[in-house]
Amino acid sequence: MAQGDYIQLHEKRYGKRLDHDERQRKRKAREVKKRSRVAQQALGLKGKRIAKQNYREKVQMKKTIAMHEESSTRRKIDDNVHDGAMPAYLLDRDPTTRAKVLSNTIKQKRKEKAGKWDVPLPKVRPVAEEEMFKVIRTGKRKTKQWKRMVTKVSFVGPSFTRKPPKYERFIRPTGLRFSKAHVTHPELKCTFNLDIIGVKKNPNGQMYTSLGVVTKGTVIEVNVSELGLVTPAGKVVWGKYAQVTNNPENDGCINAVLLV
Amino acid sequence: MAVEEGASTSSGNTVMCLLTNPEGEPLGAPLYLPQNVGPPQLQEIVNKLLNNDEKLPYAFYISDQELVVQLESYLAQKKVSVEKVLRIVYQPQAVFRIRPVNRCSATIAGHTEAVLSVSFSPDGKHLASGSGDTTVRLWDLNTQTPLFTCTGHKNWVLFIAWSPDGKHLVSGSKSGELLLWDPQTGKQLGGPLTGHKKWITAISWEPVHLQAPSRRFVSASKDGDARIWDTSLKKCVISLTGHTLAVTCVKWGGDGHIYTGSQDCTIKVWETTQGKLIRELKGHGHWVNSLALSTEYVLRTGAYDHTGKTFSSPEEMKEAALARYKKMRGNAPERLVSGSDDFTMFLWEPALSKHHKARLTGHQQLVNHVYFSPDGQWLASASFDKSVKLWNGITGTFIATFRGHVGPVYQISWSADSRLLLSGSKDSTLKVWDIRTHKLKEDLPGHADEVFSVDWSPDGEKVASGGKDRVLKLWMN
């Protein structure tokens, strides 16, 4: 027999003490005091451990109490009275403050005056003139080198007629002329095949803008009448700016993103 | 006719005229009238042809433009051919004339938050206002001071409505509950009427000619249903569900149907005994913001009119209201106009068909409030594009635009004689417009902030306006 089992052996043989239950009850009642004394007096790591354990238990108890107190009938979520009372016809509407509207209009006016636009590609790799133009040698002895052929994609417009070939300085090959662009709307994320109305600005230089050369980063004007946009004044918008996002001479098509 | 014969001997030129009423029916046969005939003589002719006992005032319109000069000058101006029959439309005008308000007689403070709605009682003797500070206040019009403060709501009071017999006031709040008040004592009648889960957008009482004393009213809420409540039972009797989005406006028509307009772009017509859907009016492309009935003013004022008569028993009131309603309506069916966020309005005759009669375009921003004139001849619409437009109330043709506001126009109100129109806007001014000249009559600045709600008393004496600056302003002549 194991040496510590004598208490159990006695209980088996003679039954429990007559005041066993009473003593158990009293010991349990004293447990609370003992636990509290220990928690207060324990020092060091042991004390920390006990405190952490107690805190965990407290949190759990609080959660169960809150869960029980939740009533079965659902109440409305928002019961507080807020500031800024509005009549019913304004409640579902977005209240832009007057100050914000005014500052927006002023900023818009300033931007238009400066000629700066908020474009998706603010900086593009500059294209050198050697890359842009190919020198064409002409003349009986092929010594004259004043003609240039544009090696990038260009837009010429529907009513374009070449200058007399003898006096033409810049040649825009028909194979590299495009009239349509694949324009993506940045918010709707859908792409439309829209006609180009004109080239607004080529970042590489004003000469390229006037020639109608379309490279990456060029701002072009596209015909958006099929999108069905309407201005606040009620007029139909039929032209919007878009910025080219690819290198059209490599891909064979012009991809652009609409500037809204 | 004696008038005709006497005049024809003096002037040589005559012109053939046909007098028609606003619906287009001719009054008698075409007459040869001398060209120096003007509106006063035409008025006598019409009075005689209609066999009126008392001389009623009329206004005359040739192709939607008012005739103010003699026929001679009109013909010379417009170069109208004398050979064709000239159609002159006569419109009865109100016998009384309301003077335009031009001064603020009192600025009454009291509310501690923005005033969201103001309303005069149907007899014009009481004034109530609901505000964002969760109280409804009743104001004394004789001394222009506060009378009662009615507390009880838990959140902003968004809408108040007087019963057409003037005995009850109901207010709806942002927490979806409705409270009944007794205007004589300022005390709440019974407990709050709950049932709606979101805020109340509109309330409309049952017309008094259908039931007197007024017992039932319908309330519309953001949760998408409209509920019919009974004030004596103090509970919701019928719930009109069907809209998928918020119901923005509700009107109880004179023929007993309820019209609800909603953010799901449809208008539904309901019958009131069982709450069944009769018709659905589709057509708008965006939220329906506001509804207006051609008989709305008569339904709102019930049996009271400009004579200021009081009634002793509900039966008397019911009869008087019924007589007024019948006279207002005539033989034509009730017309309904809906204003929407898609910048247009539709004119419907909901009793006849579910297709619109006319589409009223022209506004450049959403239409916030549409209102028929008390005589049903005109329709005014207030829009966020800073203009108020005037339309013909019967055909829906455009007549004039009133420009002058510099901010979105929120609400409009008519004077009881239909000659003046009042508009309140976000730019903190109120403007009174003259319908005859199509011009601005009075400019009423004075509010410190946006004007949310305006109302013209049915007796025409006072105008009340409330807004974001928390004061109630009373305007008088």
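Contacts between residues 24 or more positions apart make up 51% of those in chain B that have a separation of 6 or more. This picture, like everything below, comes from a predicted model. The secondary structure of chain B consists of 37 strands together with 5 helices. Of its 477 residues, 59% are classed as buried. The chain still exposes about 18,700 Å², and carbon and sulfur atoms account for 50% of that area.

A good place to begin looking inside chain B is its largest nonpolar core, a set of 31 residues in which B:Trp414, B:Leu421 and B:Leu422 touch the most other members. Several strands contribute at least two residues each to this core: β3 (58-62), β28 (378-383), β29 (387-392), β30 (398-403), β31 (409-414), β32 (420-425), β33 (430-434) and β35 (451-456). In soluble globular proteins, nonpolar side chains tend to be buried together.

B:Trp414 deserves a closer look. With neighbours within four places in sequence left aside, its contacts include the run B:Tyr371, B:Phe372, B:Ser373 and B:Pro374, as well as B:Trp378, B:Leu379 and B:Ala380. B:Trp414 also meets B:Leu390, B:Leu420, B:Leu421, B:Ile435 and B:Trp456. Apart from this core lies another one of 20 residues, with B:Leu27, B:Leu67, B:Leu75 and B:Ile88 among them.

Strand β35, already met as a contributor to the largest core, also takes part in an open sheet of chain B. This sheet has 4 strands in the order β6-β37-β36-β35, with antiparallel pairing. Its edges are β6 (103-108) and β35, each of which pairs on one side only. On average, neighbouring strands of the sheet are turned by 20° against each other, with direction ignored. Within the sheet, β35 and β36 (residues 463-467) run antiparallel and are joined by 5 bridges. One residue pair to pick out on screen is B:Val451, whose bridge partner in β36 is B:Gly467.

How far the details can be read is a question of confidence. The average pLDDT of chain B is 88, and 97% of the residues score at least 70. Over residues 1-11, however, the pLDDT is below 50, and beyond near neighbours in sequence this stretch has 8 contacts in the model. Where pLDDT is low, the predicted coordinates should not be read in detail. For the complex, the predictor gives an ipTM of 0.83 and a pTM of 0.66.

Terms used: Residues numbered from 1 in each chain as written. Chains lettered and ligands numbered in written order. Predicted model: local features only at pLDDT ≥ 70, side-chain atom pairs only at ≥ 80, totals over all residues. Heavy atoms only, no water. Buried < 20%, exposed > 50% of the residue type's maximum accessible area, 1.4 Å probe, protein only. Contact = heavy atoms within 4.5 Å. Areas by Shrake-Rupley, 256 points an atom, 1.4 Å probe, with all protein chains shown as cover. Core = buried A, V, L, I, M, F, W, Y, C linked by side-chain atoms within 4.5 Å. Pairing = 2+ DSSP bridges. Axes fitted to C-alpha atoms, helices over the stretch in contact; angles between N-to-C directions. pLDDT = per-residue confidence, 0-100.
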